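The following exercises are to be worked through with the sequence and the coordinates at hand. Each task is followed by a solution in steps.

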Amino acid sequence: MAMSETMAAAQQRLAAVPQVRVVASFAELVATPFRGEINALCWPRELPGDFGEIEQALPDVDAITSLDPADLRALPLSAAGQIAREQLIADQALLSARGLQPSLDLVPPADPPGRQQPVRTDVGDWHVDSATAETDTYLCSYFGATTEGILNAHATCQVDVPATRASLRQSYGSGGDDESFRTWLTAHFYDLHYAPLPDATTYSFGLGHLWRIATQHPGSQVPPCIHRAPSTSSEARRRLLLIS
Ligand SMILES: [Fe+2]
């Protein structure tokens, strides 16, 4: 499980990642444009409170479950748990006030899916988020394993890996590498998934930090941020994740 890090440690660690820019406030997180190779903005935070207590107090769930403030307010919590609860509610309000639609998710651990052919297309695989209009993804991990990023220069879109493209062509069936094949690739999200190069540089989104990352959308000025949900064993504690 990732441990929370100090703000100074996060600033230092993330300053070394070329695609990430560290900002100092929520206002800056929202207003800073993506430019050049910068496709991820991070507002590092050292959050007080016991988020593990919240995870422990929540009921068993079979699948990813969205929590609302009423669910949180119903939990019997110690003083440290109450501080964490107020933070979760405040963050949702912060994003909602910007016109976003945040979801606070309780994510139960899941063993990685068996090998999917020809390309994995779940969020535990390196991928980019896509949108039909200019939209960014906001996210924050509060507890449990955290989201990971990879440098764009260190990953290849699965449909551009020759062997993978050949195998996708076979799955598609008849016809050449034509427009309808490319439409099929998009319809199955194959063009949103990436294969890491050997020795790729990856980075952790850490705990408590609020991120805004670039999606793939028409007219985007920067390459989309490639990321994945962490792989967790079925024994792992559940994740608490804010996503919009
Ligand atoms: Fe994603």
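**Exercise 1.** Which residue just after α6 takes a positive phi?

*Solution.* The model is a predicted one. Just after α6, the residue with a positive phi is Gly 173, at about 100°.

**Exercise 2.** Determine which residues of α6 are buried, and where they lie around the helix axis.

*Solution.*
Step 1. Helix α6 spans residues 162-172, and its buried residues are Thr 164, Arg 165 and Leu 168. Buried here denotes under 20% relative accessible area.
Step 2. Viewed down the axis of α6, the buried residues fall within an arc of 100°, so they line one face of the helix. In general, an α-helix has 3.6 residues a turn, so residues three or four places apart point the same way.
Step 3. Pro 162, Ala 163 and Gln 170 are exposed, on the face of α6 turned away from the buried side.
Step 4. The packing partner of the buried residues of α6 is α7 (179-187).

**Exercise 3.** Identify the donors of the iron ion and locate them in the chain.

*Solution.*
Step 1. Coordination is provided by His 127 (NE2), Asp 129 (OD) and His 227 (NE2), at 2.2 Å.
Step 2. The sequence spacing of these donor residues is H-x1-D-x97-H.
Step 3. Asp 129 lies in the loop between β4 (103-107) and β5 (136-143), whereas His 227 belongs to strand β11; this pair, 98 residues apart, links distant parts of the chain.
Step 4. Both Asp 129 and His 227 are buried.

**Exercise 4.** Establish the strand order of the three-stranded sheet that contains β11, and name its edges.

*Solution.*
Step 1. The order is β9-β6-β11 in an open sheet, with antiparallel pairing.
Step 2. β9 (202-204) and β11 (226-228) each have a single partner strand, so one side of each lacks a neighbour in the sheet and they stand at the edges.
Step 3. From one strand to the next, the twist averages 30°.
Step 4. Strand β6 (residues 148-150) is joined to β9 by three bridges; in one of the pairings, Gly 149 has Tyr 203 of β9 as its bridge partner.

**Exercise 5.** Describe the nonpolar cores, beginning with the largest.

*Solution.*
Step 1. The largest nonpolar core has 30 residues, of which Phe 26, Leu 29, Ile 54, Leu 72, Tyr 142 and Leu 240 touch the most other members.
Step 2. Elements giving two or more residues to this core include α2 (26-31), α3 (51-57), α5 (79-96) and β12 (239-243).
Step 3. Leaving aside residues up to four places away in sequence, the contacts of Ile 54 include Leu 72, Leu 88 and Leu 240.
Step 4. A second, separate core comprises 15 residues, among them Leu 168, Trp 184, Tyr 190 and Ile 226.

Key. Residues numbered from 1 in each chain as written. Predicted model: local features only at pLDDT ≥ 70, side-chain atom pairs only at ≥ 80, totals over all residues. Heavy atoms only, no water. Pairing = 2+ DSSP bridges. Helix = DSSP H or I, 4+ residues; strand = E, 2+ residues; numbered from the N terminus. Axes fitted to C-alpha atoms, helices over the stretch in contact; angles between N-to-C directions. Donors = N, O, S within 2.8 Å, 3.2 Å for Na, K, Ca; no water. Buried < 20%, exposed > 50% of the residue type's maximum accessible area, 1.4 Å probe, protein only. Core = buried A, V, L, I, M, F, W, Y, C linked by side-chain atoms within 4.5 Å. Contact = heavy atoms within 4.5 Å. Arc of directions from axis to C-beta.
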